[in-house]
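Grab your viewer and let's work through a few short exercises. Each one comes with a solution.

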Amino acid sequence: LHVTFIDKEGAEHSFEVSAGDNLMDIAQAEDLEMEGACGGSCACSTCHIIVEDPEKYDAMPEPSDDENDMLDLAFGLTETSRLGCQVKMSKEIDGVKIRLPSMTRNLQAADFKGAKKS
């Protein structure tokens, strides 16, 4: 299986990966700029990615409600945005191109729990 990441500068980085690897872990293992502040527990939006090919996006399992809630906090949200920690490589998305957004916003679910109303 192959995945290509397009970094903030527009450079492409292609990697051979295994089925079941998630995109956040791949990006971090390859020293690409992806934070993943919550450690992949779907509790922040810092691993926000943009799937370049709508057909590959459609081949991915639907995002969960939790993922959609976190995506709502992501900077530069698009129609094909996902959280890298929630997308696992499979033969259906072999060859997928992933754009890393120019910025991420580190808002975590914990930032909203019990926040005092002023």
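Three exercises follow, on confidence, the core and a strand.

This is a predicted model, where local features need pLDDT of at least 70, side-chain atom pairs count only at pLDDT 80 or more, and totals for chains, interfaces and linings use all residues. Residues are numbered from 1 along each chain as its sequence is written, and side-chain values use heavy atoms, with hydrogens and water left out.

**Exercise 1. Check the confidence.**
Step one: pLDDT is the predictor's confidence in each residue, from 0 to 100. The protein chain averages 90, and 87% of the residues reach at least 70.
Step two: residues 114-118 fall below 50, and beyond near neighbours in sequence this stretch makes zero contacts (heavy atoms within 4.5 Å) in the model.

**Exercise 2. Map the largest nonpolar core.**
Step one: such a core is a set of buried Ala, Val, Leu, Ile, Met, Phe, Trp, Tyr and Cys residues joined through side-chain atoms within 4.5 Å. Buried means under 20% relative accessible area (1.4 Å probe, protein chains only).
Step two: the largest one holds 27 residues, and Val3, Phe5 and Leu23 are among those with the most contacts inside it.
Step three: helices (H or I, at least four residues) and strands (E, at least two) are DSSP runs, numbered from the N terminus. α1 (23-29) is one of the elements giving two or more residues; with four, α1 gives the most.

**Exercise 3. Place β3.**
Step one: His48 and Ile50 point one way, Ile49 and Val51 the other, and all are buried.
Step two: strands pair if DSSP finds at least two bridges between them. β3 runs antiparallel to β4 (residues 81-83), with three bridges; Ile49 partners Arg82 there.
Step three: β3 also pairs antiparallel with β5 over two bridges, and Val51 partners Ile98.

Methods. Buried means under 20% relative accessible area, exposed over 50%, partly exposed in between (1.4 Å probe, protein chains only).
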